[in-house]
Number of protein chains: 2
Amino acid sequence: MAKKTVGISDVAREAGVSVGTVSNSFNRPDSVAPETRARILAVVERLGYVRSESARQLRTGTSRIVALLVLDLANPFFVDVANGAERTARAAGLGVMVCTSAQSPSDEADYIGLFTEQQVRGVLVIPADPTGRSLEPLRRQGIPYVVVDRLVEDAEVCSVSVDDVTGGRLAVEHLLAQGHRRIAYISGPAHLQQIRDRRTGALAAVAAAGLPPEALHELPTAHMTIAAGRDAAARLLGLADRPTAVFCANDLLALGLEQALYAAGVKVPEEVAIVGYDDIEFASAVAVPLTSVRQPAAEMGRLATQMLLAEGDALGDEEGTHAHQAVVLQPELVVRTSSLHRAG
Amino acid sequence: MAKKTVGISDVAREAGVSVGTVSNSFNRPDSVAPETRARILAVVERLGYVRSESARQLRTGTSRIVALLVLDLANPFFVDVANGAERTARAAGLGVMVCTSAQSPSDEADYIGLFTEQQVRGVLVIPADPTGRSLEPLRRQGIPYVVVDRLVEDAEVCSVSVDDVTGGRLAVEHLLAQGHRRIAYISGPAHLQQIRDRRTGALAAVAAAGLPPEALHELPTAHMTIAAGRDAAARLLGLADRPTAVFCANDLLALGLEQALYAAGVKVPEEVAIVGYDDIEFASAVAVPLTSVRQPAAEMGRLATQMLLAEGDALGDEEGTHAHQAVVLQPELVVRTSSLHRAG
DNA sequence: CGGCCGGATTGAATCGATTCAATCCCTGCC
DNA sequence: GGCAGGGATTGAATCGATTCAATCCGGCCG
């Protein structure tokens with residue numbers, strides 16, 4: 001029963017050619033006579049031969065999969081990034097291995113270890129470890145990687161990110177323009193660069209409007225989830241001098257907030273205006289559609305993958321061919337109902 | 001600069017032992033003297049050695065990654081499945097390669113081809129191709145696979161699914177119990193077994209209530225997305241004898257529907273009651289929380305992975321050790337506001 | 001003192017595809 | 001007829017870890 005797996009030599013024997021020719025007919029079809037090739041392919045079909053990636057990879061040293069390590073697939077934003085990456089990778093004939101670090105630096109390190117052993121073609125990573133130390137093995141092994149959704153100044157790595165300072169500024173400028181003077185910022189874990197940048201932008205907008213920093217009241221959260229958004233709503237409503245507008249660090253928080261406010265009978269946007277971040281699909285699918293700062297998620301995935309492949313190609317050439325670059329994309333404010341009402 | 005990659009033989013030489021001992025100290029630590037092992041590990045550390053998966057895999061024939069092929073990560077339901085699978089796989093020291101077929105049988109076939117070449121440890125697949133033909137290569141190559149989210153009667157494969165007939169029945173029974181007599185079923189592509197099963201269950205409930213099949217008005221959609229839900233709303237409102245309740249084949253459709261109804265000034269649940277399917281997180285996060293049929297998504301991913309690993313283990317043993325099984329889980333109706341109102 | 005046992009170690013064979021220098025063979029040209 | 005040129009083909013060497021039969025060695029027992 002247990003037929004031996006058919007290898008390239010079985011095909012060669014059956015087709016009456018050498019293994020080299022069989023290999024060639026796959027990898028440089030032009031260098032082999034058409035009828036020979038046809039004969040070989042027929043045998044391949046008949047025997048059900050499939051080439052062993054591990055053998056190929058051992059010999060050539062290059063794998064056909066790229067890894068993508070995201071913080072959390074439960075956030076549709078990362079799914080969009082993944083889709084962008086998957087599409088471009090597939091176009092290049094590569095597979096994508098999507099993994100979740102769950103924001104845990106140790107999980108991240110584990111996965112990086114797995115990737116180096118696999119000698120993947122490259123790694124796209126949204127870092128959970130702010131120190132960047134867990135990426136060290138990649139550098140040592142010479143595996144190309146691109147940091148996604150975080151700006152890295154280091155000239156030794158490529159990165160694709162979105163200007164979060166501008167994003168935060170856009171959101172709060174918009175709220176200020178609507179007449180709001182007391183604004184809450186429902187944020188997230190302070191160790192995330194994104195969170196800090198968005199606050200910086202928000203504060204810049206506040207300052208530009210001639211208001212004191214206290215005009216922005218920060219309500220930190222641990223998880224940036226819908227549930228955390230609901231919790232934040234309770235805290236917001238408990239505030240003595242309740243803000244009339246809220247800027248949320250992502251749309252999940254904003255959705256949780258909006259729902260909790262609705263349940264509490266607080267009208268959005270009449271009593272409290274809301275601006276979210278990411279512009280996930282669900283932001284526009286609720287009864288009171290969410291104003292949000294859109295990030296070009298799929299585009300980031302696409303670009304990052306392209307840069308990764310470019311870097312991989314450059315590896316073969318002389319040293320120094322590849323110039324690492326930090327691409328910064330611009331966010332865009334998408335205004336919807338949740339923020340369209342002038343305050344008092 | 002370009003240091004040769006360090007291999008097991010470099011470690012062996014540096015540590016003054018043979019390659020066999022180095023290999024053993026990784027794979028059967030007990031069979032090597034503690035101090036020898038310590039010395040080897042020190043050298044490994046110093047040289048920054050990482051084992052080559054491709055070489056290992058070539059020799060042993062077994063990979064350390066399992067593949068998961070889902071229809072569409074944009075649907076949080078599949079993300080939950082993926083999370084369940086990823087957790088269990090990681091516990092077993094394996095990586096998961098998550099891929100998206102986008103419901104396209106040809107993409108599915110492509111990916112299956114990639115998986116066979118990679119000789120992955122196993123495949124979890126939510127089939128896009130109803131014929132199951134694209135899975136044939138897996139069987140030929142003897143790669144274990146488990147079909148997820150679809151019942152397969154074939155005694156030759158394992159499957160984990162949810163009883164969709166019951167799910168459909170629960171949903172419509174609930175609406176009937178609320179007094180509704182004209183019910184719409186916003187469905188999806190007819191070639192999906194899930195869609196047909198849910199209709200079957202819905203019709204059974206209608207029949208059990210002594211109503212004619214026409215009491216269930218089907219509105220098919222092509223994509224089962226939020227946008228499709230909005231479209232369906234327009235069609236629903238255009239119906240001559242407008243149903244007072246709607247059963248949606250998934251929550252994305254239901255969310256789109258609910259929003260469009262809200263925008264059209266049709267009150268939910270007073271004028272139209274809604275029941276969705278999947279119970280994704282967003283279903284409970286909107287202003288009028290959605291009644292939905294919950295599927296144990298993460299549990300499916302977990303179970304499927306376990307079955308896959310069990311099957312893989314059995315491969316080593318004598319033939320016939322592994323009994324393929326079709327596990328069917330039960331759905332559960334989660335009642336929320338969107339359906340809680342008695343029809344006129 | 002010799003023989004034996006068993007834990008530790010050795011190292012050559014092996015997995016299967018790729019590569020490339022060498023060979024073969026045919027055609028066209030002088 | 002001889003030869004250069006070139007397209008097609010060959011096959012042995014190679015990638016790096018695993019495996020297992022063979023060897024080694026130190027101590028224990030009779």
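Begin by selecting helix 4 of chain A (53-60). With 5 residues, this helix gives the largest share of the surface near DNA strand C. The model is predicted, and every distance quoted on this tour is computed from its atoms.

**Stop 1: the surface near DNA strand C**

Extend the selection to the other elements that supply at least two residues of this surface: helix 2 (19-27) of chain A, and helix 2 (19-27) and helix 4 (53-60) of chain B. Both protein chains are therefore to be kept on display, since the named helices of chain A and chain B, as DSSP runs, are drawn from each. Now select the full set of 28 residues around DNA strand C, among which Ile8(A), Tyr49(A), Arg59(A), Thr21(B) and Thr36(B) come nearest. Coloured by residue class, the surface near DNA strand C shows 9 nonpolar, 13 polar and 6 charged residues.

Which parts of the strand face the protein? Of the atoms of DNA strand C within 4 Å of the protein, 68% are sugar or phosphate atoms, and bases account for the rest. Three phosphate contacts merit a closer view:

- Ser23(A): a polar atom of its side chain is 2.9 Å from a phosphate oxygen of DNA strand C.
- Asn27(A): here a polar side-chain atom and a phosphate oxygen of DNA strand C are 3.2 Å apart.
- Ser18(B): a polar atom of the backbone, 2.8 Å from a phosphate oxygen of DNA strand C.

**Stop 2: the annotated domain of chain A**

Select residues 6-60 of chain A, where an unreviewed UniProt entry places the feature "domain: HTH lacI-type". Over this range the chain is 71% helix and 0% strand, and 21 Å separates the end C-alpha atoms.

Within chain A, next select helix 1 (residues 8-15), which contains both Asp10(A) and Arg13(A). The side chains of these two residues form a salt bridge, with 3.0 Å from N to O. Arg13(A) and Asp10(A) are about one helical turn apart because they stand 3 residues from each other in the helix. Side chains of opposite charge can pair when their charged atoms come close.

**Stop 3: the surface near DNA strand D**

Turn to DNA strand D, which 28 residues surround; the closest are Ser18(A), Thr21(A), Thr36(A), Ile8(B) and Arg59(B). Sugar and phosphate make up 68% of the atoms of DNA strand D that come within 4 Å of the protein.

Select Arg59(A) to see a contact with a base: an N or O atom of its side chain lies 3.2 Å from a base oxygen of DNA strand D. Two residues of chain B approach phosphate oxygens of the strand. The side chain of Ser23(B) places an N or O atom 2.9 Å from a phosphate oxygen, and a polar side-chain atom of Tyr49(B) is 2.8 Å from a phosphate oxygen. Helix 2 and helix 4 of chain A, with helix 2 and helix 4 of chain B, are the elements that give two or more residues to this surface. Helix 4 of chain B provides the largest share, 5 residues. By class, the surface near DNA strand D holds 9 nonpolar, 13 polar and 6 charged residues.

**Stop 4: the interface of chain A and chain B**

Hide the DNA and select the contact between the protein chains, which takes 51 residues from chain A and 51 residues from chain B. About 4,500 Å² is buried between the two chains, 56% of it on carbon and sulfur atoms. On the chain A side, Arg90(A), Glu117(A) and Phe282(A) lose the most area to chain B, together 14% of what that side buries.

How many salt bridges cross the interface of chain A and chain B? There are 6, while the structure holds 28 over all chains. One to select is Arg51(A) with Glu117(B), whose closest N and O atoms are 3.6 Å apart. The interface also has 18 residue pairs in polar contact.

The elements of chain A that give two or more residues to this side include helix 5 (76-91), strand 2 (95-100) and helix 6 (105-118). Helix 6 gives the most, with 7 residues. The chain A side comprises 27 nonpolar, 13 polar and 11 charged residues.

**Stop 5: backbone features in loops**

Select Gln103(A), in the loop between strand 2 and helix 6 of chain A. Although not a glycine, Gln103(A) has a positive phi of about 60°.

Finish at Pro269(A), in the loop between helix 11 and strand 9 (273-278) of chain A. A cis peptide bond, with omega about 5°, links Val268(A) to Pro269(A). In chain B, Val268(B) and Pro269(B) are likewise joined by a cis peptide bond with omega about 5°, and Pro269(B) lies in the loop between helix 11 (251-263) and strand 9 (273-278).

Note on methods: Residues numbered from 1 in each chain as written. Chains lettered and ligands numbered in written order. Predicted model: local features only at pLDDT ≥ 70, side-chain atom pairs only at ≥ 80, totals over all residues. Heavy atoms only, no water. Near = heavy atom within 4 Å. Polar contact = N/O pair within 3.5 Å; in protein donor to acceptor, adjacent residues only side chain to side chain. Helix = DSSP H or I, 4+ residues; strand = E, 2+ residues; numbered from the N terminus. Nonpolar A, V, L, I, M, F, W, Y, C, P; charged D, E, K, R; others polar. UniProt positions renumbered as here; feature names shortened; annotations may be inferred. Contact = heavy atoms within 4.5 Å. Buried area = accessible area lost by both parts, 1.4 Å probe. Salt bridge = Lys/Arg side-chain N within 4 Å of Asp/Glu carboxyl O.
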